[in-house]
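Colleague: Could you take me through the nonpolar core of this one, and the helix packing that goes with it? A close look at that part is what I'm after.

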Amino acid sequence: MLEPYTGTYREHYRDEVRTCGGDRSGTVSYRFNSLGFRCEEFDPDARRRVFVCGCSFTIGEGLAVEEAWPSVFARLYAAAHGLDRREVSLMNFSQSGASNDYIARTLLAQVGAERPDLVLALFSEPSRVEYVYSPDEIAGLAATADFATLRGRPASSALGPWLPHGWLSRRRLVAAGPSKWRPHSARVLQWASRHYRNPHPVNELASTLRSMLLVKYFLENRRIPYLCSIIEPKHILDPRWSDHPALGSLWRAATAPPFCRPFLDEGGEALDRAADGLHPGPDSHRAFAERIFADYRNAHVPATPS
């Protein structure tokens, strides 16, 4: 049996909302299934089962669900196997602002519960490094307002998107200096320190590589077909990492096939924008789905005899 969502985003605990992550446009409807994920209900008897996980790019923030790249991929996948789209059970375990830790542990948990026919992982920004609560901290936080809506399942927090590298350092300067905002800044700093450790960028990259390899080797050990990619090439695809004395071997293994081209181009640009004005739009999602499907077809679909 698949596991329910256990993250800290409240919208996942509601049937339908008009906001998700950073999308405050109010123009998109977000529906969540009984497990708390933005996808259809799981069909254990489906002809094919595809598991997907990522961040806001993969949940389809700012887009109708059918415009997001996992849905586009599922339609291409069904057609390639001579199936009706309804015969493919697409499970999208993504969360807006997800860290690579979230992506790795979620896929391991869900694949361990139900064996899929294919796994797609779109890893996120390396800066999203979590702080994981200890059992004692969970007990102390369970009754607070922040955790009141989590149905008794408070987990770790991934606040990297809202707290980029250097944020805490800059906030410390504000909190320590002569400013009318000092009391507020000190409270925010205290709150943020509970969630985000602000590691060095190289250690952020190391954490991301370990998450990627954990997923790859877990799936390879179970002989489950998979494809993985990352939202943008900045930092992680710099070939100089190949010769790094500590990370070189990890980098070469993590970026080896079936690693696909990133969602965004080298300049971090998208073809268009979603309704929130921040995330990639439907053309960008379609283009990425077609690219990753082409890689899937080359790797996993036998050629049709002529």
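Modeller: Sure, starting with the core: the largest nonpolar core has 65 residues, and W69, F73 and L120 touch the most other members. By nonpolar core I mean buried Ala, Val, Leu, Ile, Met, Phe, Trp, Tyr and Cys residues joined through side-chain atoms within 4.5 Å, with buried being under 20% relative accessible area (1.4 Å probe, protein chains only). Helix 7 (residues 201-221) gives the most to this core, eight residues; helices here are DSSP runs of H or I, at least four residues, numbered from the N terminus. One caveat: this is a predicted model, where local features need pLDDT of at least 70 and side-chain atom pairs count only at pLDDT 80 or more, while totals for chains, interfaces and linings use all residues. Numbering runs from 1 along each chain as its sequence is written, and side-chain values use heavy atoms, leaving out hydrogens and water.

Now W69: leaving aside residues up to four places away in sequence, its contacts (heavy atoms within 4.5 Å) include L120, F263, F288 and I292.

W69 also turns up where helix 2 (residues 69-80) meets helix 9 (residues 282-300); their axes, lines fitted to C-alpha atoms over the stretch in contact, come within 8 Å and cross at roughly 40 degrees. That makes helix 2 oblique to helix 9, as the angle is neither under 35, over 145, nor 65 to 115 degrees. On the helix 2 side, W69, V72, F73, L76, Y77 and A80 make the contact, and helix 9 brings residues including H285, F288 and I292.

Definitions and conventions: Buried < 20%, exposed > 50% of the residue type's maximum accessible area, 1.4 Å probe, protein only. Helix = DSSP H or I, 4+ residues; strand = E, 2+ residues; numbered from the N terminus. Axes fitted to C-alpha atoms, helices over the stretch in contact; angles between N-to-C directions.
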